[in-house]
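Hi there,

Here is the structure I promised to pass on. Have a look at it first, and my notes on what I found follow below.

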Amino acid sequence: MYRLLFLFLLSAVVAFKNELETHSSNEIRSSLIVNQLLLAEQTEILKQLLSNSQRRQGSDCPYPYTKVLDQCFYLSKLKRPYGKARQYCKEMMGDMATRKHLYALAAFAVDKNVYHHVFMGIRDEMKNGEFSWIDGTPVSSSDWAPGEPNRRGVEMCASMHPSYQPPLFDIPCHSHLFFICQYNQSQ
Ligand SMILES: [Ca+2]
């Protein structure tokens, strides 16, 4: 009798232990799954933060400027004569665009679907046919479009036309054109 009772109790204990182990095992498995999901979610959040950070680093120009190589530029959506365009750029903490990124700016204009003349920071200040960039650098003869400049002393400003290579044209300063401003990073 006692022996039967002992066997019964023993089997009950074994069954309870198995049940406990199964239960614990299920809990551990559930916990692992939850942890894996949390880890995947945290990894995704970190990826997004990293991506946002990289995007910010790639476009660290003040609005409404856009980074082209290592400078910030603004392609106007309004047409102005040269004098007003330059004033507009200066009021935006910049000035008209200069030579350094001429071809990158041509690519930038094409990227904005601009296939027409835009004023650049070029003047014939002395009205003698000698064109200079606003930083004082003479315009290189290799940057003029074929046949340009063709009206020296009459067309005393210059534009870039991104469809041409080289892309510069002399053009009257009173023409109403779109223009490109360059942010003055020293301000
Ligand atoms: Ca011309």
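Met-160 stands opposite Leu-168 in β7, and that pair belongs to an antiparallel pairing of β6 and β7 that runs over 4 bridges. Please keep in mind that this is a predicted model.

On its other pairing, β6 joins β4, again in the antiparallel sense, over 3 bridges. Met-160 turns up here too, as the bridge partner of Val-118. Both faces of β6 are covered: Cys-157 and Ser-159 are buried on one side, and Ala-158 and Met-160 are buried on the other. In a regular strand, side chains alternate between the two faces of the sheet.

Stepping back for a moment, the protein chain has 3 helices and 8 strands, in the order α-β-β-α-β-α-β-β-β-β-β from the N terminus. Of its 187 residues, 28% are buried. Among contacts with a separation of 6 or more, 63% are between residues 24 or more positions apart.

Now to β8 (178-183). Which strands pair with β8, and in what sense? Strand β2 (residues 71-75) runs antiparallel to β8 and is joined to it by 3 bridges, with Leu-75 opposite Ile-180. β3 also pairs with β8 in the antiparallel sense, over 3 bridges, and there Met-96 has Cys-181 as its bridge partner. β4, by contrast, pairs with β8 in the parallel sense over 2 bridges, where Val-118 stands opposite Phe-178. In β8, 5 of the 6 residues are buried, so this strand is largely enclosed by the rest of the structure.

Helix α2 (residues 82-91) has Tyr-82, Ala-85, Arg-86 and Cys-89 buried. Seen down the axis of α2, these buried residues fall within an arc of 95°, so they line one face of the helix. The background is simple: an α-helix has 3.6 residues a turn, so residues three or four places apart point the same way. Gly-83, Gln-87 and Glu-91, on the other side of α2, are exposed. What do the buried residues of α2 pack against? They pack against four strands: β3 (94-96), β4 (118-123), β6 (157-160) and β8 (178-183). Just after the helix comes Met-93, with a positive phi near 60°.

The largest nonpolar core has 35 residues, and those touching the most other members are Phe-73, Leu-105, Val-118, Phe-119, Met-120 and Ile-180. Two or more residues of this core come from each of β2, α2, α3 (102-111), β4, β6, β7 and β8. Leaving aside neighbours within four places in sequence, Met-120 is in contact with Met-96, Ala-97, Ala-158, Ser-159, Met-160 and Ile-180.

One last spot to look at is Cys-173, in the loop between β7 (168-171) and β8. Is Cys-173 buried, exposed or partly exposed? With 18 other C-beta atoms within 10 Å, Cys-173 is partly exposed, as 20 or more would be needed to call a residue buried. Cys-173 lies 6.1 Å from Pro-81, C-alpha to C-alpha, although the two are 92 residues apart in sequence. Not counting residues up to four places away in sequence, Cys-173 touches Pro-81, Tyr-82, Gly-83, Met-156 and Cys-157. Of these, Tyr-82 and Gly-83 belong to α2, and Cys-157 is one of the buried residues of β6.

Best wishes

Conventions
Residues numbered from 1 in each chain as written. Predicted model: local features only at pLDDT ≥ 70, side-chain atom pairs only at ≥ 80, totals over all residues. Buried ≥ 20, exposed ≤ 12 C-beta atoms within 10 Å, placed from the backbone. Contact = placed C-beta atoms within 7 Å. Arc of directions from axis to C-beta. Pairing = 2+ DSSP bridges. Core = buried A, V, L, I, M, F, W, Y, C linked by C-beta atoms within 7 Å.
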